[in-house]
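The following exercises ask the reader to work through a protein model step by step. Please inspect the sequence and the coordinates before turning to the solutions.

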Amino acid sequence: LPRVPGGARLHSDGLSRPVQTLRVKMVLLGSSGVGKSSLALRFDKDEFRSTTPTVGCAYLTRVVHLSDVTLRFEIWDTAGQEKYHSITPLYYRGAHAALVVYDVSQRETFVRAQVWLKELEKQYIPGSTVIWLVGNKVDRAQDRQVSVQEGQSLANDRGLLFTETSALLGDQVCELLLAVAHRVHECIGAQQG
Ligand code: GDP
C-alpha cells in the first residue's frame, strides 16, 4: 500500500487509514562469540563489522514495514553478560521475540543453546514470545560441526522456528528479521490492539 503523509496509507478504496505501529522487544541469546552483535548490527544498518566491542547494554532499533502494520523493533544484545551467566530476568521480561543463536562451526555453542532455551522457557509465557533458533556462520562451511538437520530437529522438538544465517555475508539475515516480524505480528498484533 502506498504511504501518505502522517503515517497513513492509501487503500484501494481511496481512503487513507493510519498505519498501526507495534513496539517489539527482541532479545538475543547465545554463547559469547556466536555473532549476536554482528547480527544485531546487520538488522540495524545492514552492514558487518569485523570487530564489535560490546560494552554496556547494547540496544538497537529497527523499523520493519509490513503491508498493514509497522513494527518498531527494540533489539537487545547481551553486551557480553552471557560470559558470566548473569543475564537477569529483566533482560527477558516483556520480550516478544527471542533469537537463540549458536555458531554452526562450534558444537559447544549448540549444546549451550539448549541451556539458553531452557532458561528462556522458565521466563516466558507460552504463546507470547516468538522463539527462533538461529545457526550463524554458515559461511564457515569447511569448519561446520553442527548440521542443518541437527538444528532443524532441535527446533522441531521444541516447537521453534529455525534459520541458518551468515552475519558476515548478510545471508538470510533480512529474511530472518522479516519472518520474525510476520510471526510477532500474528502473535502480538491482537494483544496490542
Ligand atoms: P557475540 O559475542 O555473540 O556478540 O559475537 P560477535 O558478533 O561479537 O562476533 C564474534 C566474532 O565472530 C567476531 O569476530 C565476528 O566478526 C565473527 N562473526 C560474526 N558473525 C559471523 C559470521 O556469520 N561468519 C563469520 N565467519 N564470522 C562471524
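The exercises below concern a predicted model, and each is followed by a worked solution.

**Exercise 1. Establish the overall make-up of the protein and the confidence of the model.**

Step 1. Count the elements: the protein has five helices and nine strands. Read from the N terminus, they follow the order β-β-β-β-α-β-β-α-β-α-β-α-β-α.

Step 2. Consider burial and contact range. The protein has 193 residues, and 37% of them count as buried. Among contacts between residues at least 6 apart in sequence, 68% join residues at least 24 apart.

Step 3. Check the confidence. The average pLDDT is 82, and 75% of the residues score at least 70. Residues 1-6 stay under 50, and the model has 11 contacts for them beyond four places in sequence. Residues 48-57 are also below 50, with 17 contacts in the model beyond near neighbours in sequence. The model as a whole scores ipTM 0.99 and pTM 0.86.

**Exercise 2. Identify the largest nonpolar core and the elements that build it.**

Step 1. Find the core: the largest one has 45 residues, and those with the most contacts inside it are Met26, Leu28, Ala97, Leu99, Val100 and Val101.

Step 2. Assign it to elements. Those giving two or more residues include strands S4 (20-30), S6 (69-77), S7 (97-103) and S8 (130-136). Helices H1 (36-45), H3 (107-123), H4 (148-158) and H5 (173-192) do so as well. H5 gives the most, with seven residues.

Step 3. Follow one residue of the core. Beyond four places in sequence, Leu99 is in contact with Met26, Leu28, Leu29, Trp132 and Val134.

**Exercise 3. Determine how strand S8 is placed between its partners, and explain its burial.**

Step 1. Examine the pairing with S7. S7 and S8 run parallel and are joined by seven bridges. Within this pair, Leu99 stands opposite Trp132.

Step 2. Examine the pairing with S9 (residues 161-164). S8 and S9 pair in the parallel sense over four bridges. Trp132 has Leu161 as its bridge partner in S9, while Gly135 has Glu164.

Step 3. Add the connection: S8, H4 and S9 form a right-handed β-α-β unit.

Step 4. Sort the side chains. Val130, Trp132, Val134 and Asn136 point one way from S8, whereas Ile131, Leu133 and Gly135 point the other way; all are buried.

Step 5. Conclude: because seven of the seven residues of S8 are buried, the strand is largely enclosed by the rest of the structure.

**Exercise 4. Classify Phe162 as buried, partly exposed or exposed, and describe its surroundings.**

Step 1. Locate the residue: Phe162 lies in strand S9.

Step 2. Apply the cut-offs. A residue is buried with 20 or more other C-beta atoms within 10 Å and exposed with 12 or fewer. Phe162 has 17 C-beta neighbours inside 10 Å, and therefore counts as partly exposed.

Step 3. List the contacts. Leaving out residues up to four places away in sequence, Phe162 touches Leu133, Gly151, Gln152 and Ala155.

Step 4. Compare sequence and space. Phe162 and Val134 are 28 residues apart in sequence, and their C-alpha atoms are 5.9 Å apart in space.

Definitions and conventions:
Residues numbered from 1 in each chain as written. Predicted model: local features only at pLDDT ≥ 70, side-chain atom pairs only at ≥ 80, totals over all residues. Core = buried A, V, L, I, M, F, W, Y, C linked by C-beta atoms within 7 Å. Contact = placed C-beta atoms within 7 Å. pLDDT = per-residue confidence, 0-100. Pairing = 2+ DSSP bridges. Right-handed = clockwise from strand over helix to strand, strands pointing away.
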